[in-house]
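Please open the model in your viewer and keep a selection tool at hand. The stops below can be followed in order.

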Amino acid sequence: MKTSSPMFQSAVGERVSPFQLYRAGGKRLFDLLLALLLLPVLLPVIAALWLWVRRDGGPGFFIQPRVGRDGRLFNCWKLRTMVIDAEAALKKMCDENPDCAREWRVNQKLACDPRITRAGRFLRATSLDELPQIFNVLRGDMSFVGPRPFLVDQEEIYREAGGKAYFRMRPGITGIWQVEGRNATSFAARVGFDNRYFASTSFLRDIGLIAKTALIVLRRTGR
């Protein structure tokens with residue numbers, strides 16, 4: 001006998017699916033519980049990595065405005081992986097090298113970025129530079145799983161590519177693009193990954209993406 005998906009009754013008598021319940025409040029509850037569980041373990045790791053990054057005399061953390069849910073800006077925390085004057089160095093490279101400028105314009109990243117420090121190469125390969133974003137999760141700016149948060153000056157590119165679902169979610173530390181398309185897609189291609197995640201958000205989906213992220217950390221395939 002064919003059975004339908006389980007449904008729940010809302011306060012006004014409407015039928016609500018587990019999918020809707022998770023998106024409405026369950027996902028945030030999961031984020032808070034997981035963050036509180038991981039915090040005692042991650043704080044010493046973040047502190048040790050911060051000291052390592054600080055060895056070159058620059059700041060240990062890199063804090064940068066990103067676009068979040070509903071287009072609101074928030075300060076995204078990361079461990080610094082680039083030289084101190086990274087923005088000026090990028091402008092100089094793009095001004096002097098048309099191929100570099102073209103690659104940055106399409107991908108919003110460079111495959112071989114000379115601005116990345118020795119410590120930064122390891123942190124990016126293992127994705128450990130993202131660990132401080134647990135503070136963003138606690139604040140409610142981000143989720144453990146969601147679309148990759150982008151820069152303020154990238155919003156126009158993203159919208160021109162047709163991106164809409166992104167603005168209805170909290171951006172994530174990890175997500176479909178981060179585990180499937182991170183090293184091999186253009187910036188505009190993120191739209192498809194983000195739309196796919198929005199349409200399939202669920203607890204089991206998030207658990208699966210977190211597990212895949214753990215494998216990336218172990219295999220050091222990030223960039």
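Is E180 buried, partly exposed or exposed? The model on screen is a predicted one, and in it E180 is partly exposed, with a relative accessible area of 43%. Select R196 together with E180, and the two side chains can be seen to meet in a salt bridge, with 3.0 Å from N to O. E180 lies in helix 7 and R196 in helix 8, so the pair ties together parts that are 16 residues apart in sequence. R196 likewise counts as partly exposed, at 37% relative accessibility.

Next, select K78, D129, E130 and R148, which are joined into one network by salt bridges that share partners. Within this group, the side chains of K78 and E130 meet in a salt bridge of 3.9 Å, N to O. That pair links distant parts of the chain, since K78 belongs to strand 4 whereas E130 sits in the loop between helix 4 and helix 5, 52 residues apart. Both K78 and E130 are buried.

A further salt bridge is found by selecting D141 and R139, whose side chains meet at 3.1 Å, N to O. Here D141 is buried, with a relative accessible area of 17%, whereas R139 is exposed, with a relative accessible area of 65%. A search of the whole structure finds nine salt bridges.

Now turn to the nonpolar interior and select I134 and F144, which touch the most other members among the 31 residues of the largest nonpolar core. The elements that give two or more residues to this core include helix 1, strand 4 (73-79), helix 5 (134-139) and strand 5 (143-145). Helix 1 gives the most to this core, with nine residues.

For the aromatic residues, which form 14 aromatic pairs in the structure, begin with W50 and F61, a tilted pair with 6.5 Å centre to centre and 40° between the planes. W50 lies in helix 1 (residues 18-53) and F61 in strand 3 (residues 61-67), eleven residues apart, and the pair thus links distant parts of the chain. W50 is partly exposed, with a relative accessible area of 30%, and F61 also counts as partly exposed, at 24% relative accessibility.

Then select F150, Y158, Y166, F167 and F187, which form one aromatic cluster. Adding R159 to the view shows a residue that lies over the face of F167, at 4.0 Å from the ring centre. A similar selection is R190 with W177, where R190 lies over the face of W177 at 4.3 Å from the ring centre.

Two stops concern the backbone. Most residues other than glycine have a negative phi. D70, however, has a positive phi of about 60° although it is not a glycine; D70 is placed in the loop between strand 3 and strand 4 and is exposed, with a relative accessible area of 53%. S127 also has a positive phi, near 65°, and S127 lies in the loop between helix 4 (118-126) and helix 5, but at 10% relative accessibility S127 counts as buried.

Finish at the surface by selecting F203, L204 and I207, which form a nonpolar patch with about 300 Å² of accessible area together. L204 lies in helix 9 (residues 203-219) and is exposed, with a relative accessible area of 68%.

Methods. Residues are numbered from 1 along each chain as its sequence is written. This is a predicted model: local features need pLDDT of at least 70, side-chain atom pairs count only at pLDDT 80 or more; totals for chains, interfaces and linings use all residues. Side-chain values use heavy atoms; hydrogens and water are left out. Rings of Phe, Tyr and Trp (its six-membered ring) pair if their centres lie within 6.5 Å; planes under 30 degrees apart count as stacked, over 60 as edge-to-face and the rest as tilted. Helices (H or I, at least four residues) and strands (E, at least two) are DSSP runs, numbered from the N terminus. Buried means under 20% relative accessible area, exposed over 50%, partly exposed in between (1.4 Å probe, protein chains only). A charge sits over a ring if NZ of Lys or CZ of Arg is within 6 Å of the ring centre and within 35 degrees of the ring normal. Patches are made of residues with over 30% relative accessible area and no salt bridge: like charges are joined within 9 Å, nonpolar side chains (Val, Leu, Ile, Met, Phe, Trp, Tyr) within 5 Å. Accessible areas come from the Shrake-Rupley method with a 1.4 Å probe; for residues, only the protein chains shown count as cover. A salt bridge is a side-chain nitrogen of Lys or Arg within 4 Å of a carboxyl oxygen of Asp or Glu. A nonpolar core is a set of buried Ala, Val, Leu, Ile, Met, Phe, Trp, Tyr and Cys residues joined through side-chain atoms within 4.5 Å.
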